[in-house]
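Please open the structure in a viewer and keep the selection panel at hand. The tour below proceeds stop by stop.

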Amino acid sequence: MKKIIISSVIAVSLALGGCEKELDIENPNQATVEVFWKTADDAVKGVNAVYSTLHRGAISRWMPFYYIIRADEGTSRSPNVNLINNMQDFRITDYNFGEAYGIWNDNYVGIFRANQVLDNVPNITMDETQKQRVLGEAKFMRSLFYFHLVTLWGNVPLMLTTSTPADKPPTSPQADVWAQIEKDLTEAAAVLPLTYTGADLGRATKGAAQALLAKAYLQQRKFTQALVPLQALAEGEGKSVYSLMPNYRDNFLITSENNRESVFEWQFALNLTENHDDDIDPRVDNLNYGSSLPKFIAPPGGPGFSDGEANRWVVREFLQEETTNNQRDPRLAASFLYDSTDVRGPEFTVIYDQTFRERYGVDNQRVWFRKFLNDHWRTVDEAFNSPNNWRYIRYADVLLMYAEALNETGSTAQAYTYVDQVRQRAGLAKLSDAKPGLTKEQFLAQLKHERITELSGEGHRWNDLARWGDLGPALAPRDPGFANFEKGKHEFLPIPQQERDINPNLTQNPNW
């Protein structure tokens, strides 16, 4: 998949007027639309450009912040007060706040590129199987970008053809956006291969489309519909492709990327000559193919900036029960850097090249998310070009989603099986032994615990809370920022005002 990252990117323009400043940028190293879209190689380069969107700065750095730090698992002590207000404390001071606006723009960049593929590749004479695969990849990626937009902003413009600067699309209802996501993913799953090999590792697969489709159904609480793709993954042909890695930590190391637990992961690579994140910049040899996120979430005092970190209550979730051999849950040390990442305490816990005690003393209660970090191979600090992939959907997530869908559709007893697989990998007793006979409501409460211990800091928590109806001031004891949360308002971000100034057909979200 690394070749997907470093392939040349076709010229793009953004979907909405707010970024028209980029429309006039010309790259002399890239073909124009008039001479492009002629060959199979053009088709592959076109879809590679869609993947390239995933390492633009805002979408690879700030978007995880919005899903993690805004949720109750994360917090911010950044010296940047605007970041705290707009991300952490639900005090939106700027409807054009740059970090949020960048996420909006980057997702629409991806949609524009996907639409170019879908509009032009059908007219190319090429191997039909390869053509359908490229179109399936473009549909998968378009649905991924819309999944971000609909879960962060709710009602957003739905654009399904290559846009022009003159386009002024209206705001589409969430139901229409979700329906298009479902359509794209259903069609993508029908043509995408089960697996890839060699340089194509990391492209969207049938399983990736099924898993994202399940997420879309689940987020809308369409549990019966979600059972179909989830069953295919957990009991059908997906079971021959995916399984849990024996070592939980292997899911977050650069030495074990694209492993058998990975259903879809964002591919990053190290470019030692990088100096920018804009993949339409003509300085293609200097493009950052990595992620700058680790630098912004790594512990302070050398390793990183610590603009985002974890709340301490999450640690306590892991301490509720021990493994069957009376040890601490191993997922805790794999998930966080804090005073007792090493169970022996701050004198033995190593934060990059120093012990926790040497860096922060013995009474420091701060906790940092570890899964995106590179402390397994960088000994001093983090950089802005991390090659460590984001495991966006893991098979463990699929199993827990399947358990949730089964429980919600009256099959709680059957749901135990899939939670048991996740718990046993961590060395815990089967839930069917530890807590047999749970009611539907009790099982959901337990599942909330299972998801935070298995998936903390991976970007799923916000959507989980939204789906369960748990977003609100009641979370303030865990995360004081939620004291400012207004139901019916803060579930979604405000549509950027600059977009509404340019496009009068856009409607602002409720109560903004």
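**The chain as a whole**

Begin with the surface of the protein chain, which has an accessible area of about 18,800 Å², with 50% of this belonging to carbon and sulfur atoms. Such areas come from the Shrake-Rupley method with a 1.4 Å probe, and for residues only the protein chains shown count as cover. The model is a predicted one, in which local features need pLDDT of at least 70 and side-chain atom pairs count only at pLDDT 80 or more, while totals for chains, interfaces and linings use all residues. Residues are numbered from 1 along each chain as its sequence is written, and side-chain values use heavy atoms, with hydrogens and water left out.

Switch next to a cartoon of the protein chain, which contains 19 helices and 10 strands (DSSP runs numbered from the N terminus: helices are H or I of at least four residues, strands E of at least two). The radius of gyration is 22 Å, close to the 24 Å that the globule rule gives for 512 residues, so the chain is as compact as a globular protein of that length. That radius is taken over C-alpha atoms, and the rule is 2.2 Å times the number of residues to the power 0.38. Along its principal axes, the C-alpha trace spans about 65 × 50 × 50 Å.

Colour the chain by accessibility: 62% of the 512 residues are buried (under 20% relative accessible area, against over 50% for exposed and in between for partly exposed; 1.4 Å probe, protein chains only).

**Strands E4 and E10**

Select residues 262–266, strand E4, where 5 of the 5 residues are buried. Add residues 390–394, strand E10, which pairs with E4 in the antiparallel sense over 3 bridges (pairing requires that DSSP find at least two bridges between the strands). Show side chains to see phenylalanine 264 opposite isoleucine 393 in E10, and serine 262 opposite arginine 394 in E10. Because 5 of its 5 residues are buried, E10 is largely enclosed by the rest of the structure.

**Asparagine 364**

Now select asparagine 364, in the loop between helix H13 (356–360) and strand E9 (368–369). Is this residue, asparagine 364, buried or exposed? Its relative accessibility is 18%, so asparagine 364 counts as buried. Display Arg312, Asp339 and Phe356, which asparagine 364 touches when residues up to four places away in sequence are not counted; contact means heavy atoms within 4.5 Å. Finally, draw a C-alpha to C-alpha distance from asparagine 364 to tyrosine 196: the two are 46 Å apart in space and 168 residues apart in sequence.
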